[in-house]
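Student: I have a model open and would like to practise justifying the words we use for its parts. Could you take me through the reasoning?
Tutor: Gladly; let us look at it together.

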Amino acid sequence: MHMQAEGELTIIHDCDLTKWARDAAGEVELSSFRVSKHWIQRFKKLNNIGDRKITEYVTRRMVENEADRYIAAADFVQYVKELITSYGPDCVLNADQSGFQYEIHSGRTLRTRGTKKVKACVQSISKMTHSYTIMPIIDANGKLFSPLFIVMKEVTGDTFGPQVQRDLFTAPNILVTASSSGKMKKEHLKVWLEEVFFPHVGDRTVLVIDSWSTYKNTALLDAATPEGRHVQIVTVPPKTTPLCQPLDVFGFRMWKTFVRKIWDWVVRDDIQCELHLRNAALKLQSLVHNQFSSPRFREMWKVGWTHPGYFENDEHVEFKTPSQFCFESDAAKENHRCSVAPCEKTHFLTCAWCKATLCFEHFFQCNHFCEVIN
């Protein structure tokens, strides 16, 4: 019964094992059999059964359609492969939205074994439930485009107040808008197309995007497309984005891990910097985007395309993720201090461009925006 229930993705507890054991004993007339806690523990150990956290909930219909989902993903990948051959990898792009809490931390920590309640300090509990949206663009050749589109959550709605607008953090690699929810709406897509996408891509492109209904607004797309420009919209089949959307396959996970590391450092070292505030969040995303734009990470961005199978016989190339290079680099191991003279503060990050070892102050507070590769 356990194997059948597990195969059907049923939620199982010790009480279920107890019931099934009693039913089985009754079927073979073992009247003297008693199901004890010790017997249940031995049964679980012998059958390699353990208590596991549920990481995803699915319906039976989703399970039944699983094969169709993989077939749809494979067909989509094959179609985009032909487009890459026709247009070239530089002209096949993927854009996607991802939400970021204003305060975001790692979900795990080291604690003494046996600790019942695992607590962790943060700057603001409420900011961990409020989020904003970023929308990056990458091409099939591993380039991360600039600027990064950001939609902030604002009580004023789709516009910033005059004072907020005047004091808003700006950088050459971000374009900032607002909404009451912190999520994109039709109006934001129009801004993204007119001010982010078309000014920075070629005349003939393919755009791989998910099945958000607003992307299907052909009137909006036609109105935003400049004369003489062409973009072919290719929609990822529903429920297949983890399988074939490049930024979901290998992109956002790296981005969020990097941001979490910065947040964990700030809280752990009690650095006087309120990262959850509007301008600090914008500066953080600007600096992360700048680091991720380094040519060192082109191979990383390509993984989102090679892993689903958009390229055939593509040789695996070793690379370091941004977290590995910036926080665990050889330069950091050799020099534990900030390289900006005469600063002697502890190394926080190694720049993915110039390879300078920087303390938090010289990276974040001094806004280390770098485009000089070393």
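Tutor: We start with a definition: two strands pair if DSSP finds at least two bridges between them. Keep in mind too that this is a predicted model. With that rule, four strands form an open sheet in the order 4-1-7-8, and the pairing is mixed.

Student: What makes strand 4 and strand 8 the edges of that sheet?
Tutor: Count the partners. Strand 4 (137-139) and strand 8 (230-235) each have a single partner strand, so one side of each has no neighbour in the sheet. From one strand to the next, the twist averages 30°.

Student: How do you know that strand 1 and strand 7 pair?
Tutor: The rule asks for at least two bridges. Strand 1 (residues 92-95) and strand 7 (residues 204-209) are joined by three, so they pair, and they run parallel. As one place to look, Leu93 stands opposite Leu207 in strand 7.

Student: Which helix packs on this sheet, and what does it touch?
Tutor: Helix 5 (residues 66-87) does, touching strand 1, strand 7 and strand 8. Its direction makes about 160° with that of strand 8. Angles over 145 degrees count as roughly antiparallel, so helix 5 is roughly antiparallel to strand 8.

Student: What is the strand order in the other open sheet, 2-3-5-6 or 6-2-3-5?
Tutor: The order is 2-3-5-6, with four strands and mixed pairing. Strand 2 (98-101) and strand 6 (174-179) are the edge strands, since each pairs on one side only. Here the twist averages 25° from one strand to the next.

Student: How do you know that strand 5 pairs with strand 6?
Tutor: Six bridges join strand 5 (residues 148-153) to strand 6, and pairing needs at least two, so the condition is met. These two strands run parallel. Met152, for example, has Ala178 of strand 6 as its bridge partner.

Student: What are the angles of helix 7 and helix 11 to the strands of this sheet?
Tutor: Helix 7 (residues 186-197) touches strand 3 (131-135), strand 5 and strand 6, and its direction makes about 165° with that of strand 6. That is over 145 degrees, so the two are roughly antiparallel. Helix 11 lies across strand 2, strand 3 and strand 5, running at about 10° to strand 2. An angle under 35 degrees counts as roughly parallel, so that is the word for helix 11 and strand 2.

Student: Why is helix 11 called oblique to helix 12?
Tutor: The axes of helix 11 (residues 252-268) and helix 12 (residues 278-292) come within 11 Å and cross at roughly 125°. This angle lies outside the 65 to 115 degrees for roughly perpendicular and is not over 145, so helix 11 is oblique to helix 12. The crossing is right-handed.

Student: Which residues make that contact?
Tutor: Helix 11 contributes Met254, Trp255, Phe258, Val259, Ile262 and Trp263, while helix 12 contributes Leu284, Gln285, Val288, His289 and Phe292. By class, they divide into nine nonpolar, two polar and no charged.

Student: And what makes helix 2 roughly perpendicular to helix 3?
Tutor: They pack at an angle of about 100°, with their axes 11 Å apart. The range for roughly perpendicular is 65 to 115 degrees, so the angle fits. Asp14, Leu17, Thr18 and Ala21 of helix 2 meet Trp39, Ile40, Gln41, Phe43 and Lys44 of helix 3. These residues divide into five nonpolar, two polar and two charged.

Student: Why is the pair Lys44 and Asp14 called a salt bridge?
Tutor: The cut-off is 4 Å between the side-chain nitrogen and the carboxyl oxygen, and here the N to O distance is 3.1 Å, so the pair qualifies. Lys44 lies in helix 3 (residues 37-46) and Asp14 in helix 2 (residues 14-27), so the pair ties together parts 30 residues apart in sequence. The whole structure has eleven salt bridges.

Student: Which backbone details should I look at last?
Tutor: The peptide bond from Ser146 to Pro147 is cis, with omega near 5°, and Pro147 lies in the loop between strand 4 and strand 5. Another cis peptide bond joins Ala341 and Pro342, with omega about 0°. Leu9 has a positive phi of about 60° although it is not a glycine, and its place is in the loop between helix 1 (2-7) and helix 2.

Methods. Residues numbered from 1 in each chain as written. Predicted model: local features only at pLDDT ≥ 70, side-chain atom pairs only at ≥ 80, totals over all residues. Heavy atoms only, no water. Axes fitted to C-alpha atoms, helices over the stretch in contact; angles between N-to-C directions. Left-handed = near helix turned anticlockwise from the far one by under 90°. Contact = heavy atoms within 4.5 Å. Nonpolar A, V, L, I, M, F, W, Y, C, P; charged D, E, K, R; others polar.
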